[in-house]
Amino acid sequence: RDVRGCSIFDPPAVHASPPPALPPSPTHTPLPVASDTVKLFVGQLPKQYGPEQIEQLFKPFGPVVRTQVLRDRMTGEGKGCAFVEFNNKEEADNAIEGLHNTQKFPGAKHPIQVKYAEGEQEKRESTLFVAKLAPDATEADLSEIFNPFGETEEVKIIRSDHDGKSRGYGFVKYVKRQDALAAIASLNGKHQMEGAGGSLVVKFREVTKTKSPASLPPSHPPSSYPPPYPPYPYYQPTHMYPPYTMPWGSADPSSSSSSSSSSSLSPSMSSPYPPYPHAYPPYAPPYPYATQYPSIPPS
């Protein structure tokens, strides 16, 4: 299980639980479901929580359009996860800021997790990455190119920290995603700035996804990890030579009898090999080099 509280191996079965039917009341009107609703993922909830409890939890941040509880496909028990939809991004952002990691429910391993659902941020991205800019391009030049497609919130050219010169790329943020799509269709690979090395590259910026703490590798390896290298024989010798017999024939050099028999040696000091260096043969002489062979008389 990850930090969100759901199994990452068992694909979740989504059961849409409609809200309970309310009695007719002049003050109650059903919420309109907008086509551009914002979906949030909620984890680390109590498994017994239903749509009503989840709606009450998120109601202070805006009207909840829809609630979907993730349940086990075999038992029908809640998995402690749900999806919550709001009408707009502002309400969703307020819910994330007000609830994410703020409280821990009984039985949960981590505080409540409130994030954008998978693919939700990419679906609402309105910031464009623009490359192949002219070396002397300014923010005013970019605004002149991109403003005809819609209202922009921010136009920025990335510059070098040393000399302040343009690095050849920048970002343009639109108020509406539809305007950003129109700019991509009209400018990407079709417009070239004066002095630039090619046509503009216009695309959505890549949204950086942050990993949850449970998915991050540990800062230090646990003690149960195996060693990086196997214990080779030269690290741990598996055999030992027999103990060496002293040349004076006694295990105790302070012994007064130097001609004591080998029976006086302790069992640990006995050896089948003769003492060094008296009986060991000398090293074999090196083989002669070619220059040491007798010269051949000329024919």
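Colleague: What makes the contact between the side chains of Glu-139 and Arg-159 a salt bridge?

Modeller: Happy to go through it, bearing in mind that this is a predicted model. The N to O distance for Glu-139 and Arg-159 is 3.3 Å. The cut-off is 4 Å between a side-chain nitrogen of Lys or Arg and a carboxyl oxygen of Asp or Glu, so the pair qualifies. Glu-139 sits in helix α4 (residues 139-146) and Arg-159 in strand β7 (residues 152-159), 20 residues apart, and the pair links these distant parts of the chain.

Colleague: Why is Glu-139 called partly exposed?

Modeller: Its relative accessibility is 26%. Buried would need under 20% and exposed over 50%, so Glu-139 falls in between. Arg-159, at 30%, is partly exposed by the same reasoning.

Colleague: How do you know that Arg-66 forms a salt bridge with Glu-85?

Modeller: Their closest N and O atoms are 2.9 Å apart, and that is within the 4 Å limit. Arg-66 belongs to strand β3 (residues 64-71) and Glu-85 to strand β4, so this pair ties together parts that are 19 residues apart in sequence.

Colleague: And is Glu-85 buried or exposed?

Modeller: Buried: its relative accessible area is 7%, and the word applies under 20%. Its partner Arg-66 has 31%, so Arg-66 counts as partly exposed.

Colleague: What separates Lys-89 and Asp-93?

Modeller: About one helical turn, because the two are four residues apart in helix α2 (residues 89-99). Lys-89 and Asp-93 form a salt bridge, with closest N and O atoms 2.9 Å apart. Lys-89 is partly exposed at 42%, and so is Asp-93 at 28%. The structure holds five salt bridges, these pairs among them.

Colleague: Let's turn to empty space. How many cavities of 30 Å³ or more does a search of the whole structure find?

Modeller: One, with a volume of about 40 Å³. The name cavity is used because a 1.4 Å probe fits there but cannot get out.

Colleague: Which strand gives the most to the lining of the largest cavity?

Modeller: Strand β4 (residues 78-86), with five residues. The lining includes Gly-78, Lys-79, Gly-80, Cys-81 and Ala-82, along with Tyr-49, Ile-54 and Val-69.

Colleague: What is the lining of the largest cavity by class?

Modeller: Seven nonpolar, two polar and two charged residues. Gly counts as polar here, so Gly-78 and Gly-80 go in that class. Lys counts as charged, so Lys-47 and Lys-79 belong there.

Technical notes
Residues are numbered from 1 along each chain as its sequence is written. This is a predicted model: local features need pLDDT of at least 70, side-chain atom pairs count only at pLDDT 80 or more; totals for chains, interfaces and linings use all residues. Side-chain values use heavy atoms; hydrogens and water are left out. On a 1 Å grid over the protein atoms alone, a cavity is a set of points where a 1.4 Å probe fits but cannot get out, and a pocket is an open set with protein on both sides within 12 Å along at least five of seven lines; lining residues have an atom within 4 Å of a point. Grid points are joined across faces, edges and corners, and a volume is the space filled by probe spheres set on the points. Buried means under 20% relative accessible area, exposed over 50%, partly exposed in between (1.4 Å probe, protein chains only).
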